[in-house]
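Thank you all for coming; I would like to take a few minutes to walk you through one structure. Please have a look at it first, and then we can go through the fold, the interior and the charged pairs in turn.

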Amino acid sequence: MKQDTFTLEGLETTVEIPLITSIGGNDKPLISIIVPVYQEEKIIEQNLSFYRKEILQKYSAELIVSDGGSSDRTIELAKKFTRKIALHRGNYRQTIAEGRNKGAMLANGDVFVFINGDTLPFDL
């Protein structure tokens with residue numbers, strides 16, 4: 001474990017940070033890419049198409065979509081790219097933080113990457 005010290009609002013704190021060098025005999029940690037979405041029917045195919053099978057394999061990654069209760073075709077279209085889809089069924093508007101957290105509950109990764117549904121990755 002590596003120790004790191006940082007200051008937050010005048011309070012100095014020391015934390016232990018695990019160094020990930022190898023997971024389960026693999027050279028790379030598993031990365032969970034979590035994409036919270038809501039009513040993204042018009043752009044979700046274009047955005048999720050960046051995470052092709054070859055890209056996910058290259059970076060040892062899995063793709064998770066977390067839907068905030070869309071009533072359009074967002075979920076139907078997301079199923080073309082991943083089987084891991086978190087669904088919000090509450091009677092209230094889900095916050096982006098709740099969407100991220102629900103996606104994280106489905107994740108198997110050692111590292112979580114959160115990318116909004118309307119954000120295109122650069123230079124994969």
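Let me begin with one term, since I will lean on it throughout: a residue is called buried when its relative accessible area is under 20%, exposed when that area is over 50%, and partly exposed in between. Lysine 84, at 22% relative accessibility, therefore counts as partly exposed. Please also keep in mind that what you see is a predicted model.

First, the overall layout. The protein chain holds 4 helices and 6 strands, and along the sequence these follow the pattern β-β-β-α-α-β-α-β-α-β. Of the 124 residues in the chain, 32% are buried, and among the contacts with a separation of 6 or more, 64% are made by residues 24 or more positions apart.

Now to the sheet. Four strands form an open sheet with parallel pairing, in the order E5-E4-E3-E6, and the edges are taken by strand E5, residues 85-87, and strand E6, residues 111-114, each of which pairs on one side only. On average, and ignoring direction, neighbouring strands of this sheet are turned by 25 degrees against each other. Helix H4, residues 96-106, packs on the sheet and touches E3, E4, E5 and E6, with a direction that makes about 145 degrees with that of E3.

If we go through the pairings, strand E3, residues 31-37, is joined to E6 over 4 parallel bridges, and here serine 32 stands opposite phenylalanine 112. E3 is also paired with E4, in the parallel sense, over 7 bridges, with proline 36 standing opposite serine 66. E4 in turn pairs with E5 over 3 parallel bridges, where serine 66 has alanine 86 as its bridge partner.

How many residues of E4 are buried? The count is 7 of the 7, so this strand is largely enclosed by the rest of the structure. It helps to recall that in a regular strand the side chains alternate between the two faces of the sheet. In E4 both faces are covered, with Ala61, Leu63, Val65 and Asp67 buried on one side and Glu62, Ile64 and Ser66 buried on the other.

That brings me to the interior. As a general tendency in soluble globular proteins, nonpolar side chains are buried together. The largest nonpolar core here has 14 residues, and those touching the most other members are Ile33, Leu48, Tyr51 and Leu63. At least two residues of this core come from each of E3, helix H1 (44-48), E4 and helix H3 (74-78). If we take leucine 48 and leave aside its neighbours within four places in sequence, its contacts are Val35, Leu63, Val65, Ala78 and Phe81.

I would also like to point out histidine 88, which lies in the loop between E5 and H4. Is this residue buried or exposed? With a relative accessible area of 5%, histidine 88 is buried. Its side chain reaches the backbone oxygen of tyrosine 92 at 2.9 Å, and, beyond its neighbours within four places in sequence, histidine 88 is in contact with Asp67, Gly68, Gly69, Gln94 and Lys102.

Finally, the charged pairs: the structure holds 4 salt bridges, and I will describe some of them. One of these joins glutamate 45 and lysine 80, whose closest N and O atoms are 2.8 Å apart. This pair links distant parts of the chain, since glutamate 45 sits in helix H1 and lysine 80 in the loop between H3 and E5, 35 residues apart. Glutamate 45 is partly exposed at 33% relative accessibility, whereas lysine 80, at 55%, counts as exposed.

Another salt bridge, at 2.8 Å from N to O, is formed by the side chains of glutamate 62 and lysine 84. Because glutamate 62 belongs to strand E4 and lysine 84 to the loop between H3 and E5, the pair ties together parts that are 22 residues apart in sequence. Here glutamate 62 is buried, at 11% relative accessibility, while lysine 84, as I said at the start, is partly exposed at 22%.

A further salt bridge, at 3.3 Å from N to O, brings together the side chains of arginine 73 and glutamate 76. Arginine 73 is partly exposed, with a relative accessible area of 39%, and glutamate 76 is partly exposed as well, at 47%. I am happy to take questions.

Note on methods:
Residues numbered from 1 in each chain as written. Predicted model: local features only at pLDDT ≥ 70, side-chain atom pairs only at ≥ 80, totals over all residues. Heavy atoms only, no water. Pairing = 2+ DSSP bridges. Axes fitted to C-alpha atoms, helices over the stretch in contact; angles between N-to-C directions. Contact = heavy atoms within 4.5 Å. Core = buried A, V, L, I, M, F, W, Y, C linked by side-chain atoms within 4.5 Å. Buried < 20%, exposed > 50% of the residue type's maximum accessible area, 1.4 Å probe, protein only. Polar contact = N/O pair within 3.5 Å; in protein donor to acceptor, adjacent residues only side chain to side chain.
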